[in-house]
Amino acid sequence: MSLKALVQLFAEKFLQSKKKWVAQQRNVSSSDVVDLSLPNDNDLHSYVPPADGLLVFGQSCSSGACYLEVNASGARFNLDQSGTGIYQGFTVQVNRGQTVSFKATADNRGHYSILHFIPFVSQT
């Protein structure tokens, strides 16, 4: 048996035995959601995730200016809008122990304001 065939056989057997584990690596654990408070000010806030997962941000603005900014894993996202009936949101993948910074402000924040951390199943 050639080395290539041997490595391929090993890889196939390993992945078959770990199929369930591999499939769960990027599934979220919705029963382990951590609800956090989304501030409404011009300050830059930070959060350090306890595990790999997703950070979900969202807010609504009934009128005026709305701003949402997220800095995670070297990427920066922001939404800067004015008007009436605005909804803003981001979902970003985050890594355990890496600081995420964010800012959220709204002149007239509506009824919708969320900040959730959702770990991946493999992290729970």
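Colleague: What share of the 124 residues in the chain is buried?

Modeller: Buried residues make up 31% of them. Keep in mind that this is a predicted model. To earn the word "buried", a residue has to have under 20% relative accessible area.

Colleague: Okay, so what is the chain built from?

Modeller: Two helices and five strands. If you walk along the sequence, the pattern reads α-α-β-β-β-β-β.

Colleague: What makes you say that strand E3 is largely enclosed?

Modeller: Just count the residues. E3 covers residues 53–72, and 15 of its 20 residues are buried, so the rest of the structure largely encloses this strand.

Colleague: How do you know that E3 pairs with E4?

Modeller: Two strands pair if there are at least two bridges between them. E3 and E4 (residues 75–94) have 19 bridges, so by that cut-off they count as a pair. They run antiparallel. Their hairpin has two residues between the strands, and Ser-73 there takes a positive phi near 50°.

Colleague: And how many bridges join E3 to E5?

Modeller: 15 bridges, with E5 being residues 100–119, and these strands are antiparallel too. Gly-53, for instance, stands opposite Pro-119 in E5.

Colleague: What makes E1 and E2 partners of E5?

Modeller: Bridges again. E1 (residues 34–36) has three bridges to E5 and runs antiparallel to it. E2 (residues 45–47) is joined to E5 by three bridges as well, also antiparallel. The cut-off is at least two, so both pairs qualify. In E1's case Asp-35 stands opposite His-116, while for E2 you can look at Ser-46 opposite Ser-101.

Colleague: Why is the link between Cys-61 and Cys-66 called a disulfide?

Modeller: A disulfide is a covalent bond between the sulfur atoms of two cysteines. In a model, we go by distance: the two sulfur atoms must be within 2.5 Å. For Cys-61 and Cys-66 the S to S distance is 1.5 Å, so the pair passes. The structure holds one disulfide, and this is the one.

Colleague: Are those cysteines buried or exposed?

Modeller: Buried. Cys-61 has a relative accessible area of 2%, and Cys-66 comes in at 1%. Each value is under 20%, so each residue gets the label. Cys-66 also has bridge partners in two strands: Gln-81 in E4 and Ala-106 in E5.

Colleague: Why do Glu-69 and Arg-76 count as a salt bridge?

Modeller: Side chains of opposite charge can pair when their charged atoms come close. The cut-off is a nitrogen of Lys or Arg within 4 Å of a carboxyl oxygen of Asp or Glu. Glu-69 and Arg-76 have 3.2 Å from N to O, so they make the grade. A search of the whole structure finds one salt bridge.

Colleague: How do you know that Glu-69 is buried?

Modeller: Its relative accessibility is 8%, and the cut-off is under 20%, so Glu-69 counts as buried.

Colleague: Which residues make the nonpolar surface patch?

Modeller: Leu-3, Leu-6 and Val-7, with about 300 Å² between them. Val-7 sits in helix H1, which spans residues 3–17. For a patch, a residue needs over 30% relative accessible area, so Val-7 and its two partners must each be above that value.

Colleague: And how much area does the chain expose?

Modeller: About 7,500 Å², with carbon and sulfur atoms supplying 52% of it.

Definitions and conventions
Residues numbered from 1 in each chain as written. Predicted model: local features only at pLDDT ≥ 70, side-chain atom pairs only at ≥ 80, totals over all residues. Heavy atoms only, no water. Patch = residues over 30% accessible without salt bridge, like charges linked within 9 Å, V, L, I, M, F, W, Y side chains within 5 Å. Areas by Shrake-Rupley, 256 points an atom, 1.4 Å probe, with all protein chains shown as cover. Salt bridge = Lys/Arg side-chain N within 4 Å of Asp/Glu carboxyl O. Helix = DSSP H or I, 4+ residues; strand = E, 2+ residues; numbered from the N terminus. Buried < 20%, exposed > 50% of the residue type's maximum accessible area, 1.4 Å probe, protein only.
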